[in-house]
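Please look at the sequence and the fold together before reading on. The questions below go through the structure step by step, for a reader who is new to the subject.

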Amino acid sequence: MSSHDALNSICETATELAFKQLEQFGEFIPFAVVCLQDGSTGFVALATDQVQPRADLNLETLRNVLRNGAQQQAYQAVAVASDVQIQMEDDAVSHAVCLEVEHVEETPVRYVLPYDKSEGELKQTCATIVADGENIVFGQ
């Protein structure tokens, strides 16, 4: 599996799962979809006893779990999904799914997918925002 195929696969899976969680529960705890060294896809989430009331603490705990796996060379790519709030160009605040995507051989990328859940329907409110990412998992 090429690096681009691996990245596309985990991004699609993470996006679908994030939006399913939003539709069902209105929020989600950060999670990761990973491409293992053999090319198969895996899922990494916090155990119930690891979940904290603050989302930023959950995200940092998940990143630490992923860093440990990366140090053991368990993954070739990761897509970390979190539910965030962002300020739009018109100064409005929007909820968004944030995907932090890393591959051992590629430049990291951050995708931000603003969404709105009004009138019982969940929909993306504008085009996906793409930005340079950071080596959070593989760069430590």
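What follows is a set of questions, each with a short reasoned answer.

Q: What kind of model is this, and which pLDDT do local features need?
A: Residues are numbered from 1 along each chain as its sequence is written, and side-chain values use heavy atoms, with hydrogens and water left out. This is a predicted model, in which totals for chains, interfaces and linings use all residues, side-chain atom pairs count only at pLDDT 80 or more, and local features need a pLDDT of at least 70.

Q: Which element gives the largest share of the largest nonpolar core?
A: A nonpolar core is a set of buried Ala, Val, Leu, Ile, Met, Phe, Trp, Tyr and Cys residues joined through side-chain atoms within 4.5 Å, where buried means under 20% relative accessible area, exposed over 50% and partly exposed in between (1.4 Å probe, protein chains only). The largest core has 21 residues, of which I10, F19, L22, F28, F31 and V97 touch the most other members. Two or more residues each come from α1 (3-25), β1 (31-36), β3 (75-87), β4 (93-103) and β5 (109-118), where helices (H or I, at least four residues) and strands (E, at least two) are DSSP runs numbered from the N terminus. The largest share, eight residues, is given by α1.

Q: How many residues make up the second, separate core?
A: Apart from the largest core there is another, separate one, which includes L62, L66, Y75 and V137. The number of residues in this second core is 12.

Q: Which residue of β3 is the bridge partner of V34?
A: Two strands pair if DSSP finds at least two bridges between them, and β1 is joined to β2 (residues 41-45) by five bridges in the antiparallel sense, with G42 as the partner of V34 in β2. The strand β1 also pairs with β3, again antiparallel, over six bridges. Five of the six residues of β1 are buried, so this strand is largely enclosed by the rest of the structure. In β3, the bridge partner of V34 is V78.

Q: How many residues lie between β4 and β5 in their hairpin?
A: The strands β4 and β5 run antiparallel and are joined by seven bridges, and one example is C98, whose bridge partner in β5 is V112. Between the two strands of this hairpin, the number of residues is five.

Q: Which residue takes a positive phi in the hairpin of β5 and β6?
A: The strand β5 is joined by four bridges to β6 (residues 121-124), which runs antiparallel to it, and the partner of Y115 in β6 is Q124. The strand β5 also pairs with β7 (residues 129-132) in the antiparallel sense over four bridges. The hairpin of β5 and β6 has two residues between the strands, and the residue with a positive phi, near 55°, is E119.

Q: Is Q73 buried or exposed?
A: Most residues other than glycine have a negative phi. Q73 is not a glycine, yet its phi is positive, at about 55°, and Q73 is found in the loop between α2 (55-71) and β3. With a relative accessible area of 61%, Q73 is exposed.

Q: What is the angle between the planes of F19 and Y115?
A: Rings of Phe, Tyr and Trp (its six-membered ring) pair if their centres lie within 6.5 Å, and planes under 30 degrees apart count as stacked, over 60 as edge-to-face and the rest as tilted. The structure holds three aromatic pairs. F19 and Y115 form an edge-to-face pair, 6.1 Å centre to centre, in which the angle between the planes is 80°.

Q: Which residue makes a polar contact with the side chain of E100?
A: E100 is found in strand β4 and counts as buried at 9% relative accessibility. A polar contact is a pair of N or O atoms within 3.5 Å; within protein, one must be able to donate a hydrogen and the other to accept it, and residues adjacent in sequence count only if both atoms are side-chain atoms. The side chain of E100 makes such a contact, at 2.7 Å, with the side chain of R63.
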